Amino acid sequence: MAKQKPDQAAPEPVGPSGAEAAGTTEWRSQTGGYLTTAQGTRLPDTDHSLKAGPRGPLLMEDFHFREKITHFDHERIPERVVHARGTGAHGVFRSYGTAATATRAGFLAQKDKETPVFVRFSTVLGSRGSADTVRDVRGFAVKFYTDEGTFDLVGNNMPVFFIQDGIKFPDVIHAGKPHPDREIPQAQSAHDTFWDFVSLHTETTHMLMWAMSDRGIPRSYRTMEGFGVHTFRLVAPNGDTTLAKFHWKPVAGIHSLVWEEAQIAAGADPDFHRRDLADAIENGAFPEWELGVQLLPDTEDQLFEGIDLLDPTKIVPEELAPVQPIGRLTLDRNPTNFFAETEQIAFHVGHLVPGIEITDDPLIQARMFSYLDTQLSRLGGPNFGQLPINRPHAPVNDLLRDGMHQTAVHTGVAPYLPNSLDGGEPAVDHENGYVNVPRMVEGAKVRENPVSFDDHYTQATLFWNSMTPVERAHLADAFTFELGKCYEQAVKERMLTRLAEVDAELCATVAAGLGLPAPSGSPAADAGASPALSQLVTEPGPILGRLVGVIATDDADLTGIAKLRKELEKEGALLKVIASHGGTIGEEIVERTFLTVRSIEFDAVAVADGAGSVSDPRALLLLQEAYRHCKAIVAWGDGGDLLTAAGIAADAPGVLVDDKASAAQRKALIEAMGLHRAWDRFPAQA
Ligand code: HDE
């Protein structure tokens, strides 16, 4: 191999020097300039180690080799103990000003006040390299870089949690993680230890309903709700307090995958959600959420309509306390470097700003310890707040000193208070500092839950009651799948006794699927329903960032394709041409071939006129999967013949066939996509 001759290329050095970069978030990178060691010494060669002769052993003195390999050997940091798999983006939060009377938090107070944010979405159970579309809870963690300090809202896409007391967290996670002997299965709950644990801890039942529902397999991070889960305490400028639950409502609507699609994606595109988020932002289809709060009176007993607000396994139905919008989040910038930003970001429920407090919910109380603690081993010491992504945008003037990875060069001689040697500075702020609302705390020192935490089933029944038939079928299928993957008969039987307490029909359906008798129970007759919990769409919603795949051939109707693309782009959706070969068809770039395509990538599939005689079985599979997954399917001209070959009826719901490309058909497609799925086709057998 020829030796590198950098002098011939002679690039101009660009980017800040080490001295210029110190104190900024930028650092030298491979975008220009000369290759150097970590100490800035220019290098003539990075492909050949220093040897005693061309065929001799390596020399210890090769400082470049040793530095390069040593750094490489230490490139990884421990992955997060939970939520290891995730992805993130930068954005902005704009306040509506509507929370100003409830909280003194500055970033919420003023209308149109903008606060920079970084959001990280994640799964819980899987390792860093695991698939995105597994059935799991999703993390929804938002870091608000406010003027008054950083506020982290570290939530999930489900409003309740498995356990009521944080001391059980290691147990539920150990049960959900792969079995300790063979370390399988990866990133999923469909195994014995998980179901053993949850069937022995009945407080998990409500959360199980959420996890087994379509919420466990979101279509996209962009189409998930988010929840703060715990009840928070808001403190108004006049000192009045209100209890509050935070909700993120996706502007794109709440949508999920179907189970087969999720499983295919886990193999065909394990980065499905990561790619979707990054592509949407890059294409200008900025994901948005409205932040809302349920405001609840801060009463002595902290109960609302009999619901214990300190119990994280309970919701307050929106019908009882409406979600009031207080601002909007827009994600508009992808990270520059995954490691520096998404991997190194450190959330903590204790990153609070004046006006927002935690409550005595025993789960968040435990989290107050855990998040700071975990960063010490994950990020290697107590100075992780100095990493660029973790730096507050508010001025920092702490008296924390030294420690591993200290990057600040502190001035002054008196890092203590009070002092006289540094002029008594920094000063404490009695006016605007973070003050906890004084509250009486009393009680015997006990390891107990309040009796108001005892009802583990009524809200699980409420959830079931609130689902539509399609959603119920999905739920029963998910329980049957997960328990069907367990080996221990006793675990399945125990879990059925729990489901019997939720709903007899649910229990009977799952039992039938498992081939076991259905035990009887006594589900709450008065659990009621909360229609807001159903995510089934009845009115067409936005299709921003959605994708249509069009099957075409060299003879395809390119004008029809171009018109469809134009209409879709008007709505912020995209079109990709699929053909038997790569390259181009006329002006159209072929972005997928039958070799590289899979149905899961698309929200709808079309067959252009001219592609009716395609006989590739992968094209037929594409259509059949799209049909089974209840997606909109369009064909025009002889494209309809391909649907017939795939066994798809032209008059089936969500199937739009026309003689030629027409404006009416394009409009109908956009509407059908806005409904997300053609559920009238469910269950589809093609
Ligand atoms: Fe977490 N959780 N958690 N959690 N959690 C972590 O912190 C923990 C809980 C959540 O994108 C860890 O930095 C305990 C509820 C999200 O970086 C760790 C308990 C909710 C993320 C930790 C809980 C969450 C984490 C692992 C029970 C929803 C990812 C790495 C008392 C409201 C944040 C880290 C990110 C991460 C502990 C329960 C959400 C170990 C002890 C409830 C979204 O500190």
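Ala, Val, Leu, Ile, Met, Phe, Trp, Tyr, Cys and Pro are counted here as nonpolar, Asp, Glu, Lys and Arg as charged, and the others, Gly among them, as polar. With these classes in hand, the shell around the ligand in this predicted model divides into 11 nonpolar, 10 polar and three charged residues.

The ligand is a good place to begin. Of the 24 residues around the ligand, those that come nearest are Arg80, Arg120, Arg367, Tyr371 and Gln375. One of these, Tyr371, also reaches the metal: its OH is the single donor that the protein offers to the iron atom of the ligand, at 1.9 Å. Since water is not among the atoms, the site may look incomplete, and the single protein donor should be read with that in mind. Tyrosine 371 has its place in helix α11, and α11 contributes seven residues, the largest share of the shell around the ligand.

Several side chains also bring N or O atoms close to polar atoms of the ligand. In the side chain of glutamine 375, an N or O atom is 2.8 Å from an oxygen atom of the ligand, while the corresponding distance from a ligand oxygen to an N or O atom in the side chain of serine 370 is 3.1 Å. For histidine 83, the ligand atom concerned is a nitrogen, which is 3.4 Å from an N or O atom of the side chain. The elements that give two or more residues to this shell are β3 (138-146), β4 (149-156) and α11 (362-378).

From the ligand the description turns to a pair of helices. Two packed helices are described by the angle between their axes and the distance between the axes. For helix α5 (residues 169-176) and helix α6 (residues 192-200), the axes come within 6 Å and cross at roughly 145°. On the α5 side the contact involves Asp171, Val172, Ala175 and Gly176, which meet Thr193, Phe194 and Phe197 of α6. By class, the residues of this contact are four nonpolar, two polar and one charged.

The loop between α5 and α6 holds proline 185, and the peptide bond that joins isoleucine 184 to proline 185 is cis, with omega at about -5°. A cis peptide bond also joins phenylalanine 682 and proline 683, where omega is about -10°; proline 683 lies in the segment after α19 (663-674). Most residues other than glycine have a negative phi, and most peptide bonds are trans. Against that background, valine 229 may be worth inspecting, as its phi is positive, about 65°, although it is not a glycine. Valine 229 is found in the loop between β5 (226-227) and β6 (232-235).

At the level of the whole chain, the domain assignment gives domain 1 (67-390), domain 2 (457-531) and domain 3 (547-681). The centres of domain 1 and domain 2, taken over C-alpha atoms, are separated by 27 Å, and the contact takes 29 residues from domain 1 and 26 residues from domain 2.

How values were computed:
Residues numbered from 1 in each chain as written. Predicted model: local features only at pLDDT ≥ 70, side-chain atom pairs only at ≥ 80, totals over all residues. Heavy atoms only, no water. Near = heavy atom within 4 Å. Polar contact = N/O pair within 3.5 Å; in protein donor to acceptor, adjacent residues only side chain to side chain. Helix = DSSP H or I, 4+ residues; strand = E, 2+ residues; numbered from the N terminus. Donors = N, O, S within 2.8 Å, 3.2 Å for Na, K, Ca; no water. Axes fitted to C-alpha atoms, helices over the stretch in contact; angles between N-to-C directions. Contact = heavy atoms within 4.5 Å. Domains from an automatic or database assignment.
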